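I opened a fresh page for this one and kept my notes short. Here is what I looked up, in the order I got to it.

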Amino acid sequence: MELVNNKDFKAIIMDQRTGKDSAQWEGTTLDYLQFVQDDPKLARFAPGRIFDMIAKNGTRDVDPSLKTRGYEDLLQYKFFDGKIFGTYEAIHDIMRFLKAAARRTETGKRILIMVGPVASGKSTIAYLVKRGLERDTSPVYAIKGCPIQEDPLHLIPHEDRSYWEENLGVRVEGELCPVCQFNVDENHTDEDGNVLWEDVVVEKFRFSEQRRKGIGTFQPSDPKSQDISELIGSVNMAKLTRHGETDPRAYQFDGELQVGNRGMVEYIEILKADIKFHYVLISVAQEQLLKAPRFPQMHNDTLILSHTNQTEYDSFKADKKNEALQDRMYPIQVPYNLRIDDEVKIYEKMIKESEFANIHIAPGTLRVAAQFAILSRLTASTKVSNLVEKMKLYNGETSEEFKKQEIDLKALRLEGRENGEGMFGISPRFIINALNIALGTKEEKNCVNPIDIIRALRQNFDHQIGITEEDQGRFLNLLIGEKDSVSFEYKQFAKKQVNMAFLYAYEEQANTLFDNYMQNAEAFCKKEKVFDSITSEYSNPDEKLMRSIEELISVPVNSRGEFRNGIFVYKSSCIEKGEPFTFMSYTPLKEAIEKKLMSDLKNVVALTIADKTSTDEKKQKRRERAMRKLLPLGGETPKSHVDYCVHCANMLLAFIGEVLRKEE
Ligand SMILES: Nc1ncnc2c1ncn2[C@@H]1O[C@H](COP(=O)(O)OP(=O)(O)OP(=O)(O)O)[C@@H](O)[C@H]1O
Ligand SMILES: [Mg+2]
Ligand SMILES: [Zn+2]
Ligand SMILES: [Zn+2]
């Protein structure tokens, strides 16, 4: 960490403090009624509060192909930006549930249970919602001294509630907890028996898991020692003798459900809990009621966010005696991610959080790993020729080929979902482990490249329990199969990178080709002749040259005029904006020129790098120029995995050299 000299730390702390909303406020229930009149949202139920907290960060639209049946209104919630990648449908389902629960509809009165394969992000989602509540600055009030920070509106006597509900525009639900009831009876009732509820002290509070306010977490322990008091609190023996059995002062309302009142309880591995625990949860979800022994039922307004893994859920479902229980659950599938780009972001995040944050990861490495993970999660379909094609389609990589076939992406996704796509396969955790192994086995532990990760993944199958022999065969095929495999894809990628390096080492050539094309295309559009400065002659535009370029990006003959005109429209818009117009400006043309040069360059590349030992000066020069293109930072170790370091660039050239030699 950088040392900060000559700084007034106290001033910094004060500065950091300003702007943070202080939770200190104390007043009476009368004041609170006023607040609620100004902002009826103060009295919303816990699921509504959580919904608003997530939604108020904003949303953005997702790719229309993701909006399959049942998800026509799918959105991406910015609340999860940079933390959760993909998983849009699961989050959408959770939001839909929260909305229903906020209105206390039947749907929302079930127990939300996130179901998914291991390491699909279930715990992470729960974690983020909890932290979100803690950071949330929208005010929330409770009766002071209440062990379950209950809503002050509970103080309103029953017979008067309808008046207040109508006038404040809120819903009041539930009775006072035993502690508050005791307090009201003892301290806020006058000699004539009038309850002076408006005088009861109310305070503002902040959600805090640490301070056990509004956020609880429950994880079932060993079934033999499971104790229901962890959920509903327990008698304090010392106080029992002083106050007697039914005195609320003798009871500790500190079970996780009570702690989580007004907010949420994360319920980890819910199906591992004893069945008696489930019945407590059901009555909370269904009726918002919680029963502590010897006390009347207490109102409980909590979102129970539970999770379990797929295997556990399947065996729970298969057991007939769980039928009634299952009926009360609201399962939400949290499958693995199916898009390469999102998957890569998950790894980047996990790496940033890990101890190998400083390692250089060669370009393509994470992509290779992500491709493998995603292939392992896909189901076959008659709509596509193979899984690699499907994977690319899901990732939004639509090539000409795909466009021609007019594959209905939505239908493809829907079919996949119905076949349980994403509910099995390789987890992000598995990939990060493999990355670790790849690093562990290297002597110079500075870089890891795609070849390393492929090797490590392959080794890692053997170390992983739960991978069947059948899966092993399938995975191996996806990883290193002759075709339609990760390593085949990588070869293509690597070749392209090398070609590009050579190509851009010869940028002048690209420019010349571009100028040539433009000159001819312009003459064509204006129906003019082309002037040849060498021969000083005018001739017709060179149709052969233009077509040789256009054909590479499948511009049909009869729309060549349209294509050429389009370029000039684009060019004039560039000039209008004061932008330069080079061969890289217009994507289709850029692609075409690259392809054209590439086919010309093919032999040059092979000749230059296939023979490592060559002392030919020209070849060495060429190799150096290509190297320079691979190393935009001039050989400095790059920070991101988008760039090469010297070592990784050499490895790449060596790899492609090998590939080309074999192809000869
Ligand atoms: N969609 C995702 N976006 C971001 N990170 C993810 C995603 N899926 C998994 N991860 C990462 O993978 C790791 C495991 O995730 P997490 O612990 O949340 O999974 P889980 O579903 O609770 O797994 P388990 O069933 O094993 O408890 C975490 O580091 C998490 O950040
Ligand atoms: Mg988990
Ligand atoms: Zn209370
Ligand atoms: Zn490197």
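**Entry 1: Ala90**

I started with Ala90, which I found in helix H4, residues 88-102. A reminder to myself before going on: this is a predicted model. Ala90 has a relative accessible area of 2%, so I noted it as buried. Setting aside residues up to four places away in sequence, I saw Ala90 touch Ile332, Gln333 and Val334. I also checked the distance from Ala90 to Val115: their C-alpha atoms are 9.7 Å apart, with the two positions 25 residues apart along the chain.

**Entry 2: Thr308**

Val115 turned up again when I moved to Thr308, as one of its contacts. Thr308 sits in strand E13, residues 303-309. Is Thr308 buried or exposed? Its relative accessibility is 4%, and the limit for buried is under 20%, so Thr308 counts as buried. Beyond its neighbours within four places in sequence, I listed contacts with Ile113, Met114, Val115, Gly116, Lys122, Ile270, Leu271 and Tyr313.

**Entry 3: Ala119**

Next I went to the loop between strand E4 (111-116) and helix H5 (122-135), where Ala119 has its place. Which residues does Ala119 contact, leaving aside those within four places in sequence? I wrote down Tyr336, Ser427, Pro428 and Arg429. For Arg429 I added the numbers: it is 310 residues from Ala119 in sequence, yet the two C-alpha atoms are 6.4 Å apart.

**Entry 4: Aromatic pairs**

I then searched the whole structure for aromatic pairs and got 23. I looked at Tyr32 and Tyr141, a tilted pair with 5.4 Å from centre to centre and 55° between the planes. Tyr32 belongs to helix H2 (residues 29-38) and Tyr141 to strand E5 (residues 141-143), so this pair ties together parts 109 residues apart in sequence. Both Tyr32 and Tyr141 are buried.

My other pick was Tyr251 with Phe295. Why is this pair edge-to-face? The ring centres are 5.3 Å apart and the planes stand at 70°, which is over the 60 degrees needed, so the edge-to-face label fits. Tyr251 is in strand E9 (residues 251-252), while Phe295 is in the loop between strand E11 (289-290) and strand E12 (298-299). The pair thus links distant parts of the chain, 44 residues apart. I found Tyr251 buried at 6% relative accessible area, and Phe295 buried at 5%.

I also noted a cluster: ring pairs link Phe514, Phe563, Tyr570, Phe581 and Tyr586.

**Entry 5: The whole chain**

Finally, I stepped back to the overall numbers. I counted 28 helices and 18 strands in the chain. The radius of gyration is 33 Å, whereas a compact globule of 664 residues would have one near 26 Å. Along the principal axes, the C-alpha atoms fill a box of roughly 115 × 65 × 60 Å.

Of the 664 residues, 48% are buried. Among contacts with a separation of 6 or more, 70% come from residues 24 or more positions apart. The accessible surface is about 34,300 Å², and carbon and sulfur atoms hold 49% of that. For the charges, I have 93 positive and 104 negative, with their mean positions 5 Å apart.

How values were computed. Residues are numbered from 1 along each chain as its sequence is written. Chains are lettered from A and ligands numbered from 1 in the order in which they are written. This is a predicted model: local features need pLDDT of at least 70, side-chain atom pairs count only at pLDDT 80 or more; totals for chains, interfaces and linings use all residues. Side-chain values use heavy atoms; hydrogens and water are left out. Helices (H or I, at least four residues) and strands (E, at least two) are DSSP runs, numbered from the N terminus. The radius of gyration is taken over C-alpha atoms; the globule rule is 2.2 Å times the number of residues to the power 0.38. Buried means under 20% relative accessible area, exposed over 50%, partly exposed in between (1.4 Å probe, protein chains only). Contact means heavy atoms within 4.5 Å. Accessible areas come from the Shrake-Rupley method with a 1.4 Å probe; for residues, only the protein chains shown count as cover. Lys and Arg count as positive and Asp and Glu as negative; His and the chain ends are not counted. The place of a charge is taken as NZ of Lys, CZ of Arg, CG of Asp or CD of Glu. Rings of Phe, Tyr and Trp (its six-membered ring) pair if their centres lie within 6.5 Å; planes under 30 degrees apart count as stacked, over 60 as edge-to-face and the rest as tilted.
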